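Q: Please take a close look at the salt bridges in this structure, and say which residues take part and where they lie.

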Amino acid sequence: MFISLITLLTLLIGTAGVYWVFHAEGGRWISVIDKSPYGAVGREIALFLFMVGIPFVALITGAAGVNLLALGADLASPDHIAGFTFANWVRGFGIAAVTASGVVVLLWVIGKSGPHGLPWSIGIQAVRDAFYSEAHWVFYRAAPALLLNDPYWGVVVGTAAVALEWLAHPQAGAWLQSIEARQRLVLRLACLLSSGLLYLATRNLWLMILANLTIQIVGSRALGSNGAAESAERLPAP
């Protein structure tokens, strides 16, 4: 099926393609892009096309329906708000709020009991990351959910595909080199797992983005707050 072909091609780009770009001519390409005044813009455009553009193509070509992409049942119905009924919105918002709150509390406990690094928070970048990540992740769930006729396996296979992309990334080793980097990885993993849960429970991409954003902003502060407390303890008394 066409959706399967697109998914496999996307996974190939996200793993072998990215690896090749980083290592092409001994890494010279990446060095040139980083030094170019247009490099940041080019990388951002490429990231947008990969994360959002591919799911959009799957949608407009009919390869994946709105339901599989968590966009509701009927985008054109006057009885629906952005594809969902009012009752669906209320129920979904409650589930998303409980899920995000539970994940944030868990991250706070992890930060409290884990090693203390420097204080940090995700900042405004969370908005872009939430939108890009959720669109990309929901696309990876669509093909297996359709082929196996089971959204549960769509989430399982989709999560495995995202994990494969992470593991194959040339900079994956750098994500474990410091406490802050490991905390950021924990935060991304928390967003991925909570997104899968919300896909099964709400099938609402907008609520998944909102929950992702909340987990990133509040969760990053929860993980980094102990570093702030640790830093304050090291300061000399006034």
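A: The salt bridges are described below, followed by one helix pair.

This is a predicted model, in which local features need pLDDT of at least 70 and side-chain atom pairs count only at pLDDT 80 or more, while totals for chains, interfaces and linings use all residues. Residues are numbered from 1 along each chain as its sequence is written, and side-chain values use heavy atoms, with hydrogens and water left out.

Side chains of opposite charge can pair when their charged atoms come close. A salt bridge here is a side-chain nitrogen of Lys or Arg within 4 Å of a carboxyl oxygen of Asp or Glu. By this rule there are two salt bridges. One joins Arg128 to Glu44, with N to O at 2.8 Å. Arg128 belongs to helix H5 and Glu44 to helix H3, so this pair ties together parts 84 residues apart in sequence. Helices are DSSP runs of H or I with at least four residues, numbered from the N terminus.

Arg128 also forms a salt bridge with Asp129, where the closest N and O atoms are 2.9 Å apart. Glu44, Arg128 and Asp129 are thus linked in a network of salt bridges.

The three residues can also be described by accessibility (buried is under 20% relative accessible area, exposed over 50%, partly exposed in between, with a 1.4 Å probe and protein chains only). Asp129 is buried, at 16%. Arg128 is partly exposed at 28%, and Glu44 is partly exposed at 29%.

Helix H3 (residues 39-60) also has a partner in helix H1 (residues 2-23): their axes, lines fitted to C-alpha atoms over the stretch in contact, come within 10 Å and cross at roughly 165°. H1 and H3 are therefore roughly antiparallel, a term for angles over 145 degrees on a scale from 0 to 180 between N-to-C directions.

Technical notes
Helices (H or I, at least four residues) and strands (E, at least two) are DSSP runs, numbered from the N terminus. Angles under 35 degrees count as roughly parallel, over 145 as roughly antiparallel, 65 to 115 as roughly perpendicular and the rest as oblique.
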